[in-house]
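Could you walk me through this model in the viewer, one selection at a time? I would like to know what to pick next and what I will find there.

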Amino acid sequence: MIINIKSEKEKSIEKAVEVLKSGGLIVYPTETCYGLGADATNPEALKKILEYKKLRGSKPISIAVSDIDMAKEYVSINDTAENLYKNYLPGPITVISISKGNLVPPVVSIQGAVGVRYPNYPYTLELIKKFGKPITATSANVSYKPTPYSIESLIKNLPEKSKKLIDLFLDAGELPKNQPSTVLDTTLNQLSVLRQGKVQFDNALIKNKKIEETTTATVEETIAFAKEFAKKYLDSNVPCVIALSGELGAGKTQFTKGIGEILGVKEIINSPTYTIINEYPYETNGRKHVLAHMDTWRLEDGQLDNSGLIQHLENKDIVVIEWADKFYQEISALCDNMSIKTYKIVIKYLSLEKRSIEIYE
Amino acid sequence: MNNSISNTKKPKIIAFDTSCDDTSCAVLEGRNVISSVVSSQVEIHAQWGGVVPDIARREHEKNIPTVYAEALRKAKIKIEDVDYVACTYGPGLAIDLEIGLGFAKNLAIKYDKPFIPVNHMEGHMFSGLLLNSKGSGLFPKENLDLLFPALGLLISGKHTEIIYIEKIGKYEKLGETLDDAVGEAFDKVGRMLNFGYPGGPTLCEFARKGKSGVIDFPIPMQHSNDLNFSYSGIKTAALYKCKELREQYSKDSDWSYDFCRCFLDAIIESIKIKLVAAINKNPDIKTIFVGGGVFNSEEIIRKIGTIARSNGLQYCYPDIDYRGDNAAMIGLAGYFNILQGNIIEDKKEIEKIDREPRLSL
């Protein structure tokens, strides 16, 4: 059965809800192409979808919701996903989140992930809202057939068997030929641990003595200030930890370059974000030392112990730590236990080029 | 390259890599990959993957026996039938490298196999020369002499460098990043846009929908006369642009597609400038080799390919499975070392091999 949604809007929604409730299949319009809909919580209806699509392998099928509240009933929305819903949806994006456990394959992947569509198509949103539950969101074509932008071309490419499975075609005419939705995986998100323990760090600073402060206008000046600091306070034979704090691009790695230069490191010092700890050998008065340059940006709670930091402290190396605020309490406790001196360096943006740098003992 | 063994049976190699987040193991027969297993992919069969959290991925000690057994099982081979053991000994995080190296060395000693310590970067550089189990790939011919001399362009979360390759085994680093690697810049700017971690893939995805030339980013290092890279400046510029645009518009989606497009354009342009300069300085080269996780971006892999071809050069890029860290490329570099006789047979010598976290080409 084909209903024109423009001339018979109310009736078509009513009919569609009826079909979905009885476990049937509908073809409905979205801002990307025509989709194939079934009650995403009904295993029998999902079986029909697989029968219709044929040859899908183990690829999961997305679900479509009418708003973020409906999404939240079925998946956990983390910070990254929240950002996408707030800033980009409804729209042609499929957001992958972890299932809350009330959905079954094929709308959930083996790992428990669910692809959620919140389509920017008011008619369809109204339909899903009326139905009160998510519906499947997969393109209405049979696998390996062209993306359907009109009911006419869809039916032309449809095997008789598949066609019989459809209870209702919701015809919105020829849809604009938009690309399929962008699929974004938010399940890898590590944002929660990137929130810094800033309060702890700032509180800790109150107890510390400020020993130097300056304002630098260029990267070169930041490096020069780091060199002054290293000359005045660092000794290759005395282990210490230099804890750096500052926003992305503030100049933490630049500051480390200055320290390395004074110690006698010959190699180029670059960011340790991915390696986590870079080791730079150097020599003073014929004695071999190592400057350890660490970054906690990618470390999660509990991972500091296995990062190799302790080994460097035991070896009595000078250790520079970027994003030290994140693990400030742990680092500070380690240094106290091992009687290792700590310097805290806070770099703040004043403008695109200018920075304020404070050093605490 | 010496092809003295080309007509004899190709050596079977088992290879390991634990230089960063993933634990991986592969079995090769010459350049042919018989099996390749990466810890983060062990459970990932479906299209939506990536639910293995970072914290689990980094547990090399727990992962390595499983990944090793899986690689042998998939290759349908027993460890006794393998001819060589290869393993990454640098660069990477010391504590991670130690686990893979310790496991591989024990294996070589226990089963009486010669050992090959491999430079991770040599693996990335030649990852495009890997062949599938049937021997097909980009350059299936046995003799690779016609590819050299060449340039290697390595771009990942940890590395951004250009290498002059006189022949396999003889390298000279022409330029590298002075601060952040390209992949790191992507992920950090992705973080500014609340794309979670890693944000790079989302940034590249969003760039596809944005307009070029509407937001100005400085092209990093375009006026430096060397072949070095730097991405800390553009990171700062992005942070400021991002704040400015957020104040100006109500929704991120109003500007972020164009932002991603223009940021990606600036990064690609900076790579292009250095690559073209390196090509002009080395007119004898015949091929561009690329490798590293950033080449997961189809756009980047394509655009670098265009540069290579428009300069009349061959282009050797890895298949999608071998762009990130993997052990197959370590097995390949191991194979090249076998051809050059760089193997260690003495058990005492094998025991002595130590990780080199700052190893360079």
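Which residues in H5(B) meet which residues in H6(B)? Keep in mind that this is a predicted model, then select both helices and show their side chains. On H5(B) you will find B:Gly183, B:Phe186, B:Asp187, B:Val189 and B:Gly190; their counterparts on H6(B) are B:Gly200, B:Thr202 and B:Leu203. Colour this contact by class and you get three nonpolar, four polar and one charged residues.

Now turn to the axes of the two helices. H5(B) and H6(B) pack at an angle of about 80°, and their axes are 7 Å apart. H5(B) is therefore roughly perpendicular to H6(B).

**Next stop: the strands**

Select strand S7, residues 160–167 of chain B. Is this strand mostly covered or mostly exposed? It is mostly covered, with six of its eight residues buried.

Add strand S6 of chain B, residues 150–155, which pairs with S7(B) in the antiparallel sense over six bridges. To see how the two strands line up, label B:Gly152, which stands opposite B:Ile163 in S7(B). S6(B) and S7(B) form a hairpin, with four residues between them.

Then bring in strand S8 of chain B, residues 170–176. S7(B) and S8(B) run antiparallel and are joined by six bridges. Label B:Lys167 and its bridge partner in S8(B), B:Lys170. S7(B) and S8(B) also make a hairpin, this one with two residues between the strands. Stop at B:Gly169 in that hairpin, where phi is positive, near 100°.

**Zooming out: the domains of chain B**

Colour domain 1 (12–137 + 322–352) and domain 2 (174–316) of chain B separately. Their C-alpha centres lie 30 Å apart. Where the domains touch, eight residues of domain 1 of chain B are in contact with eight residues of domain 2 of chain B. The domain 1 side of this contact divides into three nonpolar, four polar and one charged.

**Last stop: the other chain**

Show chain A as well. How many residues of chain B are in contact with chain A? There are 43, and they touch 46 residues of chain A. To find helices on the chain B side, select H1 (54–57), H3 (94–110), H5 (182–192), H6 (200–207) and H7 (232–248), each of which supplies at least two residues. H7(B) gives the most, with five residues. Coloured by class, the side of chain B that touches chain A shows 17 nonpolar, 13 polar and 13 charged residues. The two helices from the start of the tour, H5(B) and H6(B), are thus back in view here.

Definitions and conventions: Residues are numbered from 1 along each chain as its sequence is written. Chains are lettered from A and ligands numbered from 1 in the order in which they are written. This is a predicted model: local features need pLDDT of at least 70, side-chain atom pairs count only at pLDDT 80 or more; totals for chains, interfaces and linings use all residues. Domain bounds come from an automatic or database domain assignment. Two residues are in contact if their C-beta atoms, placed from the backbone, lie within 7 Å. Ala, Val, Leu, Ile, Met, Phe, Trp, Tyr, Cys and Pro count as nonpolar, Asp, Glu, Lys and Arg as charged, and the others, Gly among them, as polar. A residue is buried if 20 or more other C-beta atoms lie within 10 Å of its own, exposed if 12 or fewer, and partly exposed in between; C-beta atoms are placed from the backbone. Two strands pair if DSSP finds at least two bridges between them. Axes are lines fitted to C-alpha atoms, for helices over the stretch in contact, and angles run from 0 to 180 degrees between N-to-C directions. Angles under 35 degrees count as roughly parallel, over 145 as roughly antiparallel, 65 to 115 as roughly perpendicular and the rest as oblique.
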